[in-house]
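This report concerns aromatic contacts, charges placed over rings, and the packing of helices. Please keep the sequence and the structure at hand while reading.

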Amino acid sequence: MPLPPRSEARYRPYTGAAGGWGALRSVTRAWLGSDNALKNIRTLLKTNQHGGFDCPGCAWGESPEGQRVKFCENGAKAVNWEATRRRVDAAFFARYSVSQLAAQSDYWLEYQGRLTEPMRYDRASDRYLPIGWDEAFALIARHLKALERPDQAEFYTSGRASNEAAFLYQLFGRAFGTNNFPDCSNMCHEASGVALGQSIGVGKGTVTFGDFEHADAIFVLGQNPGTNHPRMLEPLREAVARGAQVVCFNPLRERGLERFQHPQKPLEMLGNRNAPITSAYFRPRLGGDMAALRGMAKFLLQWEREAPGTVFDQAFIAEHTEGLQAYLVEVDATPWAQIEAQSGLALGEIEQAARHYRHAERSIICWAMGITQHRHSVATIREIANLLLLRGNIGKPGAGACPVRGHSNVQGDRTMGINERPPAALLDALERQFGFAVPRGQGHNTVEAIAAMHRGDARVFIGLGGNFAQATPDSQLTHQALTRCELTVQISTKLNRSHLLCGREALILPCLGRTDIDRQACGPQAVTVEDSFSMVHASFGQLEPLSPQMRSEPAIVAGIAAATLGAHPVDWLHLVEDYGRIRSLIAATLPGFADFNERLGQPGGFYLGNSAAERRWATPSGRACFSACALPQDLLPAQVRASGRAPDLTLQTLRSHDQYNTTLYGLDDRYRGVRGMRRVVFVNPQDIARLGLAAGQQVDLVSLWDDGRERRVEGFTLLAYDTPPGQAAAYYPETNPLVPLQSVGEDSHTPTSKAIAIVLEPSRQPAQIQLQRSPAA
Ligand SMILES: Nc1nc2c(c(=O)[nH]1)N[C@H]1C(S)=C(S)[C@@H](COP(=O)(O)OP(=O)(O)OC[C@H]3O[C@@H](n4cnc5c(=O)[nH]c(N)nc54)[C@H](O)[C@@H]3O)O[C@H]1N2
Ligand SMILES: Nc1nc2c(c(=O)[nH]1)N[C@H]1C(S)=C(S)[C@@H](COP(=O)(O)OP(=O)(O)OC[C@H]3O[C@@H](n4cnc5c(=O)[nH]c(N)nc54)[C@H](O)[C@@H]3O)O[C@H]1N2
Ligand SMILES: [Mo]
C-alpha cells in the first residue's frame, strides 16, 4: 500500500520569513517525491507562460510585463501533484473494496495517483469495476431521463473547470431543464459577488494587476496570501518598498504577511534581507471586521466635519453615488462602545487604520475567506464598498475593490453561466442563440442541494471536479445526502472521499487536468480561464496523459449531453472536436467575448472589462449605492444561544501551508510551526488556562447549534498559539463536521466556516506529541 512520506509530529513556532529557503526546500522535496521529477521541472517552467498552461493553483493574475519565472511554492506543489505517474486504475480498485478505501485518510486517498479509467460501483462486491465510456454515458442518461422533474438533478462545479467545459455544462443543464448549479463559489466568494453587485453593479473586483503598482495603500482583510496566493506577496513587497502602506486585518499573525523572501531571487536569500510586508497589522475578533470598518468610517466622518471637503471625495459622491445621507445617519448611530466590543480592536488602532486610509490618495482593499465566510459577510463587504465610495476609490488608477479569488477559474465559471440564480440577460441570450427554452426559476446552491438530496428530493448528483463530500459543511449529514442519491457521478483527476460516498449507483469518470495535453479530432486543444483581474487567457497542457482512457472535461460533458438529449439543436460531439467552436458560441452569447478566438493570441490574454472600473454603475438607479446597515446585534446566532450552553470559543477553519482545499500535499504547516499533524486546534494560552486544560492535551471539539444533532470531532491536540482570546483556529476539512448546514451567510448562503461556536471537552485519547516551547500570547 503506497504511503505518503510523513514527518514526525512536532510543534515549534516558526521564526523565518515566508518564501525563501523553506519554500525552496519544500518544492525540492515535492519534486523528488513526485516520481516524475525531470519532466515536472520542465513543466513548471511553462507555468503561466504564453503558450504554456495556466497554473492550477490560485486565481491571482499576472504582471503584464511578465517575470521570467511565474510560479510559486504552492503552484509548484499543485503542478507536481497533478503530474504524478502513480495511477489509480482497474487493478487498484480490484485490490481495495470501497469500505477499505473509506477507512483511509483523505491524504492517503489522493496520494494514490491519477484516476485513469472510467469505473462503475458494484454494490454486490463493494468494488469499483471498469466500465466503457459509452456505457457510462448511457447509464447517466437513463437515470436523468427517469427523473420526474429535471430539478431532481444537481450539477456541481468546482472552480478548476475551464471556460469551455463550464459553458457546455451549464448549456447542457439548462437544455435538460434545471438551474441547479451548486458550485464551490457558494462556499467561497459568493458574498463578494452579491455585495458588490448591490453596491457597484458588478460582482467582480474592479482592479487589475497594474493598480497594485500605483496604490498608496493596500488593505488586506481576512486573507493569508503567504500560503494561498504567494504570487501576491511580490506586488505587496514592492508596494512597501516604494513607500505605500500595506495594512492587514487578521486575528492571526500570518508569517507570510509580516515578512517575505523571494525564493526566485537567490542572492537576496543569501543576504537574508527578508523584506517586511506590512506597515500596520491589526488583529480583530473573528467576524469583527464590519465593526472595525464602521469605526474607520466614523473617524473619517468626524475629520470631514472638522475640515469639510478634505476627507470625502464630494465631487465623486455627488456625481456617482446615492444613499450617502442615510449611511451617515447609520454611522452616527453606531455607538463607539459597540464598535470596540465587536471589532475586538482598541479605538486607537481603528483610528490608525483610518488615518492610513485617509492619507492615501489611492487605496485598494483586498479580501478573502476571513471576510466572506461569516453570517454578515454581505453587510461587511458592502461596508468595504462604502469606505471605497467615500473617497472615490473606485474607477481610478491604483484604487478599487479586490476580492482575491480562490480556484484558478472560479471567476470564469460564473462568467460562463454556472449560476443557480442566473441573470435574465444570460437566459435571454442563451434562448436567442440556441432556440430552445431554458428554465427561469431559481436553482439550488450548495447548501440547498445538500438539503434536497438529504430529503430525497434530488436524486442524481454530478460533480464536475471538486470534492463535494469534504468541502461542504455538516459532513455527517452531507455524506448521508450523497448516499441517498440514485446516482452519483464524479468527474475527477484524483481519488477522494466523494468517490466513496456512493449513491445507489456511482461512476468515476477520469479527466485530464490543466497540465495534460488535450487531443481532439482537430488536434491538440487549448482551454481558457479568467483570473481575479478579469483577464482571460489560454492554457495549453504540456504532458502526455497517463492513459488514453482519460477524457477532457468538455468531451465528458458533451458525451453525457449527447446520450441524454439525443437529437438536439446543439451538436455536442461536433463542438468538442475543436474548442474554437465552443468559443465561437461563447462569443455569440456572452458580453465581452467578441472575437474570442482571435484575441486569445495576445500574450497575457485580454481584459474582459468591468463597468464599475469605468464608473458606469449597472445598478437599478444607475448609481453606486451606499448601504446603511446596522452592525449585527450579536455575532452569535440565535440557534447557538438556544442550545443552552455558553460557547468556550469561536472557531475559524482555515488552510495549512501544505494543502489545496481538501487536497493534502503533506501534514506540515511551516509558517505556523506545525509538522506531521493536522488534528490540532490553535488556542490562546489564557483560554487554555481558563478552561482548565493543558497545552498538548487531546480534546474533542463540539459545536453548539439548537437542532437536536450532536456535531463533534475527536482527538485534536491543543496547541497554545498567539491568537486573540476567545478566537480559535483549526484546519478544514477535518472540522467541517462542526459547521451546521443551516449556519449560513445572510443573502450569500455561504457556510459560516470562519465562525463556529464550540466547546472543548477532554478526549479519552492520550496525547500524541512532544510539545516544544510554545509561543506566548
Ligand atoms: N496553497 C493553497 N492556495 C490556495 C488554496 C489552498 O487551499 N492552498 N485555496 C484556494 C481557494 S479556493 C481560496 S478561496 C483561497 C483562500 O485563501 P484565504 O482566504 O487566504 O484562505 P484561509 O486559509 O481560509 O484563510 C483565511 C485567513 O483569514 C483570516 N481570518 C479568519 N477569520 C477572519 C475574520 O473574521 N477577520 C479577519 N480579518 N481575518 C480572518 C485567517 O486567520 C486566515 O489568515 O486560496 C486559494 N489558494
Ligand atoms: N470548513 C471550511 N470549508 C470550506 C472552506 C473553508 O475555508 N472552511 N473553503 C471553501 C472554499 S473557499 C472552496 S473553493 C471549497 C472547495 O471545494 P472543491 O472545489 O469542491 O474542493 P477541492 O478540494 O478543490 O477539490 C479537489 C478535487 O478536485 C479534483 N480535481 C482537481 N483538479 C481537477 C481538474 O482539473 N478537473 C476535475 N474535473 N477535477 C479536478 C480532484 O479529484 C480533487 O480530489 O471548499 C469550501 N469549504
Ligand atoms: Mo475558494
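## Aromatic pairs and helix packing

Across the whole structure, which is a predicted model, a search finds 37 aromatic pairs. One of them is formed by W60 and F212, whose rings meet edge-to-face, with 5.3 Å from centre to centre and 70 degrees between the planes. Because W60 belongs to the loop between helix 2 (37-44) and helix 3 (73-82), while F212 belongs to the loop between helix 9 (190-200) and strand 8 (217-221), this pair ties together parts that are 152 residues apart in sequence. W60 is buried, having a relative accessible area of 3%, and F212 likewise counts as buried, at 2% relative accessibility.

A second pair, that of F172 and F176, is tilted, with 6.3 Å centre to centre and 35 degrees between the planes. These two residues are four apart in helix 8 (residues 163-176), so about one helical turn separates F172 from F176. Both F172 and F176 are buried. Elsewhere, F92, F93, Y96, W108, Y121 and Y128 make up one aromatic cluster.

Two basic residues lie over the faces of aromatic rings, as set out in the table.

| Basic residue | Ring | Distance from the ring centre |
|---|---|---|
| R160 | Y660 | 5.0 Å |
| K298 | W336 | 5.3 Å |

Helix 8, which holds F172 and F176, also packs against another helix. How do the axes of helix 8 and helix 28 cross? The axes of helix 8 and helix 28 (residues 579-589) come within 10 Å and cross at roughly 65 degrees; since angles of 65 to 115 degrees count as roughly perpendicular, the two helices, helix 8 and helix 28, are therefore described as roughly perpendicular to each other. The crossing of helix 8 and helix 28 is left-handed. On the side of helix 8 the contact is made by N163, E164, F167 and L168, and on the side of helix 28 by Y579, I582, R583, L585, I586 and T589.

A glycine completes the account. G288 is placed in the loop between strand 12 (280-282) and helix 14 (289-306), and at 0% relative accessibility G288 counts as buried. Leaving aside residues up to four places away in sequence, G288 touches Q342 and S343. By contrast, the C-alpha atoms of G288 and A567, which are 279 residues apart along the chain, are separated by 55 Å.

Technical notes. Residues are numbered from 1 along each chain as its sequence is written. Chains are lettered from A and ligands numbered from 1 in the order in which they are written. This is a predicted model: local features need pLDDT of at least 70, side-chain atom pairs count only at pLDDT 80 or more; totals for chains, interfaces and linings use all residues. Side-chain values use heavy atoms; hydrogens and water are left out. Rings of Phe, Tyr and Trp (its six-membered ring) pair if their centres lie within 6.5 Å; planes under 30 degrees apart count as stacked, over 60 as edge-to-face and the rest as tilted. Buried means under 20% relative accessible area, exposed over 50%, partly exposed in between (1.4 Å probe, protein chains only). A charge sits over a ring if NZ of Lys or CZ of Arg is within 6 Å of the ring centre and within 35 degrees of the ring normal. Axes are lines fitted to C-alpha atoms, for helices over the stretch in contact, and angles run from 0 to 180 degrees between N-to-C directions. Angles under 35 degrees count as roughly parallel, over 145 as roughly antiparallel, 65 to 115 as roughly perpendicular and the rest as oblique. A crossing is left-handed if the near helix is turned anticlockwise from the far one by less than a right angle, and right-handed if clockwise. Contact means heavy atoms within 4.5 Å.
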